[in-house]
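User: Please choose one part of this model and take me through it closely, then set it in the context of the rest of the chain. I would rather have one connected account than a set of separate notes.

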Amino acid sequence: MDSPEVTFTLAYVVFAVCFVFTPTEFHSAGLTVQNLLSGWLGSEDAAFVPYHLRRTAATLLCHSLLPLGYYVGMCFAASEKRLYSPSQAPETWRVFLLLALTLPTIACTLIYYWSRDRWAHHPLARTLAHYAFPQSGWRAVASSVDTEFRRIDKFATGAPGARVIVTDTWVMKVTTYRVHVAQQQDVHLTVTESQQHDLSPDSNLPVQLLTIRVASANPAVPAFDIRRARWSPPSSKHLVQAELHGVW
């Protein structure tokens, strides 16, 4: 169990999981895609939509390179396998190398498609296009989102990988690979799950974890789920759902 191969494998698995799911310690150390590529990504506060267009693309590419990084590391950790020469490597490792090269190739192809026409094919841009007036385009809507995000009265909560942002007009959920957007006046909020937990054995005030489905009246806009903690006495789903329109 003390072989360099096993030690490196365990260490790399821990690193990869933490790099993808980014616990607090990695955020504090700056080991995130957002921090490592901050010079290219720009500022979220200055340009929310352009920032996340680049961030989602960069995150997809960086994560797709993790298997290849493992293979390169194993070339040193298990030099006796001759992994640095694929023609001499065991067949299993040649298959792994093929997969490790295929993933970033697919990611690069997808990112290239997204970036065509100044990111017009990106999922976020395509969603915003559904809210654009005929005489304008998705960039006009993006400018509106950017302006509202810069305001100090916006509501933002949640972990970096599942952050919920509510502005005067928009409800947004920022995830690792995607940004979901819906216009408040067009959405229907539905409580799909409600879990109740006690804060402590001595507390008489439980906390409810609500899973809320945000569905747009426009069927072309994908629905998404958000989670919200609600500190209150036990309530029925119907009562909670009736209160949601006052949450934002």
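Analyst: Helices and strands are named here as DSSP runs, with at least four residues of type H or I for a helix and at least two of type E for a strand, and they are numbered from the N terminus. The model is predicted, so local features are taken only at pLDDT of at least 70 and side-chain atom pairs only at pLDDT 80 or more, while totals for chains, interfaces and linings use all residues. Residues are numbered from 1 along each chain as its sequence is written, and side-chain values use heavy atoms, with hydrogens and water left out.

The part I have chosen is strand S3, which runs from residue 170 to residue 175. It belongs to an open sheet of 4 strands in the order S1-S2-S3-S4, with antiparallel pairing (two strands pair if DSSP finds at least two bridges between them). At the edges stand S1, residues 155–157, and S4, and because each of these has a single partner strand, one side of each is left without a neighbour in the sheet. From one strand to the next, the twist averages 10°.

On one flank, S3 is joined by 5 bridges to the antiparallel strand S2, residues 162–166, and the two make a hairpin with 3 residues between them. Within this pairing, Lys 173 of S3 is the bridge partner of Val 164. The pairing with S4, residues 179–183, also has 5 bridges and is antiparallel, and here too 3 residues lie between the two strands of the hairpin. Across this second pairing, Val 174 faces Val 179 of S4, and Val 171 has Ala 182 of S4 as its bridge partner.

Helices cover the sheet as well. Helix H5, residues 48–64, packs on the sheet and touches S2, S3 and S4, with its direction making about 25° with that of S3. Helix H9, residues 138–149, instead lies across S2 and S3 and runs at about 85° to S3. These angles, on a scale from 0 to 180 degrees, compare N-to-C directions of lines fitted to C-alpha atoms, taken for helices over the stretch in contact. Leaving out neighbours within four places in sequence, Val 49 is in contact (heavy atoms within 4.5 Å) with Leu 124, Leu 128, Trp 138, Ala 142, Val 145 and Asp 146.

How covered is S3 itself? All 6 of its 6 residues are buried, where buried means under 20% relative accessible area, exposed over 50% and partly exposed in between, with a 1.4 Å probe and protein chains only. Side chains in a regular strand alternate between the two faces of the sheet. In S3, Trp 170, Met 172 and Val 174 are buried on one side, and Val 171, Lys 173 and Thr 175 are buried on the other. Lys 173, the bridge partner of Val 164, is thus named among the covered residues.

Helix H7, residues 91–119, offers a useful comparison: it has 29 residues and spans 40 Å from its first C-alpha to its last. Its buried residues are Trp 93, Leu 97, Ala 100, Pro 104, Ala 107, Ile 111, Trp 114 and Trp 119, and they pack against H5 and H9 as well as helix H6 (66–77) and helix H8 (123–129). Asp 117 is also found in H7, but this residue is exposed, with a relative accessible area of 52%, and its phi is near 55°, a positive value in a residue other than glycine. Arg 118, again in H7, counts as exposed at 60% relative accessibility and has a phi near 60°, which is likewise positive in a non-glycine residue.

Elsewhere, Thr 211 sits in strand S6, residues 206–216, and counts as buried because its relative accessibility is 10%. Beyond residues up to four places away in sequence, Thr 211 touches Thr 190, Val 191, Thr 192, Glu 193, Asp 225, Ile 226 and Arg 227.

For the protein chain as a whole, the secondary structure comes to 10 helices and 7 strands, and 36% of its 248 residues count as buried. Of the contacts between residues at least 6 apart in sequence, 50% join residues at least 24 apart.

Key. Expected span 1.5 Å × (residues − 1).
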